[in-house]
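Open the structure in your viewer and keep the selection tool at hand. This tour goes from stop to stop, saying what to select and what is found there.

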Amino acid sequence: MREHHSVYLDGTWLPSTSTETIEVLDPARDEVIATVPAGTDEDVDRAVRAAQAALPGWRTTAPARRAAYLEALADQLDAHAEEIARTVTDELGCPVGFSRAVQAGLPRQVARSYAELAATHPFEERIGNSHVFHEPVGVVGAITPWNYPLHQIVAKVAPALAAGCTVVVKPAENTPLVALLLARLVDAAGLPAGVFNLVTGLGPVAGEALARHPGVDLVSFTGSTRVGRHIGALAGGEVKRVALELGGKSANVILPGADLTKAVKIGVANVMANSGQTCSAWTRMLVPAEHHEEAVRLATAAVAKYVPGDPRDETVRVGPVVSHAQRDRVRGYIERGVSEGARLVAGGPQAPEGLDRGCYVRPTLFTDVEPDMVIAQEEIFGPVLSLLRYQDTEDALRIANDSRYGLSGAVWSEDQAEAVAFARRMRTGQVDVNGGRFNPLAPFGGYKQSGVGRELGPHGLAEYLHTQSLQL
Ligand code: NAD
């Protein structure tokens, strides 16, 4: 077991002022693999001061030079991709193949994209007699979750640094190890001291201290709607900028005439990836009533291919969920679905066969789900898919939009124009049309209670900029 004692601030590793530690669990083996400091208010304060001190130098560093630093960081991410993947597999339980492709792969792409944007973005413009400067907002407090632990940090840090902001990161308590690894890589990339700072710690202590700190100009939060609402209120009270990336309950709408086999197969894969711990997962599959039984048959066969197992085994496609608490929460939702009268056709609340140890959940499929059931309304964040039937296209649209969330979604149709027209009526931030692939430059973020603001690409960069207009 590895014991970490330091926080990373002002370009060095310093002992935390805390005597408390956080245990990091390997959820597959159910063993504590490391401890990290439970950072204090004082640690956060020192980190914010370092970020404030570094701001004047960083904001006036030429964008092309900032781009070169981001390139150097992206090179470090490339060179350490396997270590990143293994670390995320250890602390999250994510199958190692998926860790390589997504947990390590996506941050590499995103860091590279911001190196390019820093170099090419027009940070000033003329509007009539005004010269408008796009300036960095200032010090950013980044609070992140555990499900895509490196991506969610890089999706904040890279645009913030590209914009000329300095950053303090408070990573999720379950997955601090990949965050510590990132700090090492930032150090190796030679970024100026204080531009990037990291304090591990508990949400209500270190996270709260960061969100409340008067030296933080923008709080960028990814996590649950419950905590996001609290952080939004804190930021509102201080009149500081806030960006919130929250939960989802996205609809996968299969229109009549669509390729049902393909749509169901990809829909199931979308939910099972990362053990269902994806905020944008299409956890409600909507099928025409006349194709319901066929869809049930196809979905049951597809779910059966996801046999939980050791995430270090290269052939395993679904590992455990992140923690005991998450396992119990997901199993509780499965029990709730049964008691609400949904039909359980695969999975269930018991431990998967032979996996009593570890935080495993059976990949689960419910059919005959009604739109107002709890399992159709609340984010479960586990490998659980609900199949809902609809009568006609208007009914499908009503069910799809009947959610307090609006993060993502999918539409399938044999007619691309029909699918696009349907997607345009969905009240959600992203829709994949006929299997359109993920675009790391497209704006990502939610309608309704899925959040405020956008990440990735030029829209993500804009979150970290504000304007000064000079009238000439
Ligand atoms: P969470 O809200 O419990 O924690 C997220 C972060 O907030 C952690 O770093 C935590 O320590 C911190 N935190 C907790 N309480 C805090 C407080 N009072 N003040 C300041 N910080 C605090 O969420 P989680 O369980 O880590 O992540 C799962 C949730 O995140 C799911 O609901 C999921 O949908 C959502 N999520 C959304 C996106 C997105 O982009 N929209 C991405 C990933 C996860």
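How exposed is K448, and what is its relative accessible area? Select K448: its relative accessible area is 40%, so K448 counts as partly exposed. Keep in mind throughout that this is a predicted model. K448 lies in strand β21, and its phi is near 50 degrees, a positive value in a residue other than glycine.

Now select N434, in the loop between β20 (432-433) and β21 (447-448). N434 is not a glycine, yet its phi is positive, at about 50 degrees. With 23% relative accessibility, N434 counts as partly exposed.

**The N-terminal hairpin**

Move to residues 6-9, strand β2, and residues 12-15, strand β3. The two strands run antiparallel and are joined by four bridges. To see the pairing, select S6 and look for P15 of β3 opposite. Two residues separate β2 and β3 in this hairpin. One residue to pick in the turn is D10, with a positive phi of about 55 degrees.

Next select H4, in the loop between β1 (2-3) and β2. Is H4 buried or exposed? H4 has a relative accessible area of 17%, and since buried means under 20%, H4 is buried. Leaving aside residues up to four places away in sequence, H4 touches A34, T35, V36, P37, L177 and L180.

**The three-stranded sheet**

Select β1, β5 and β4, which form an open sheet in that order, with mixed pairing. The edges are β1 and β4 (21-26); each has a single partner strand, so one side of each has no neighbour in the sheet. Strand β5 covers residues 31-37 and pairs with β1 in the parallel sense over two bridges. For one of these pairings, select R2, whose bridge partner in β5 is A34. Add helix α3, residues 81-92, which packs on this sheet and touches β4 and β5. The direction of α3 makes about 100 degrees with that of β4.

**Helix α3 and its partners**

Keep α3 selected and add helix α6, residues 177-189. Their axes come within 9 Å and cross at roughly 155 degrees. Angles over 145 degrees count as roughly antiparallel, so α3 is roughly antiparallel to α6. From α3, E83, I84, T87, V88 and E91 take part in the contact, and from α6, L177, V178, L181, R184 and L185. Coloured by type, the residues of this contact divide into six nonpolar, one polar and three charged.

Now replace α6 with α4. Here the axes are 8 Å apart and the packing angle is about 120 degrees, which makes α3 oblique to α4. The crossing of α3 and α4 is right-handed. On the α3 side, select A81, E82, I84, A85, R86, V88, T89 and L92; they meet V96, S99, R100, Q103, A104 and R108 of α4. This contact consists of seven nonpolar, three polar and four charged residues.

**Helices α2 and α4**

Which way do α2 and α4 run relative to each other? Select α2, residues 63-79, together with α4, residues 96-120. They pack at about 165 degrees, with axes 8 Å apart, and are therefore roughly antiparallel to each other. Their crossing is left-handed. In α2, pick P63, A67, L70, E71, A74, D75, L77 and D78, which meet P107, R108, A111, R112, Y114, A115, A118 and A119 in α4. The residues of this contact comprise 11 nonpolar, no polar and five charged.

**The seven-stranded sheet**

For the last stop, select the strands β15-β16-β17-β14-β13-β19-β20, given here in their order in an open sheet of seven with mixed pairing. At the edges stand β15 (343-346) and β20, each with a single partner strand, so one side of each lacks a neighbour in the sheet. The strand next to β15 is β16, residues 364-367, and the two pair in the antiparallel sense over three bridges. Within this pair, A346 has L365 of β16 as its bridge partner. Finally, add helix α13, residues 393-401, which packs on the sheet and touches β13 (251-254), β14 (284-288) and β17 (384-390). The direction of α13 makes about 145 degrees with that of β17.

Terms used:
Residues numbered from 1 in each chain as written. Predicted model: local features only at pLDDT ≥ 70, side-chain atom pairs only at ≥ 80, totals over all residues. Heavy atoms only, no water. Pairing = 2+ DSSP bridges. Buried < 20%, exposed > 50% of the residue type's maximum accessible area, 1.4 Å probe, protein only. Contact = heavy atoms within 4.5 Å. Axes fitted to C-alpha atoms, helices over the stretch in contact; angles between N-to-C directions. Parallel < 35°, antiparallel > 145°, perpendicular 65-115°, else oblique. Left-handed = near helix turned anticlockwise from the far one by under 90°. Nonpolar A, V, L, I, M, F, W, Y, C, P; charged D, E, K, R; others polar.
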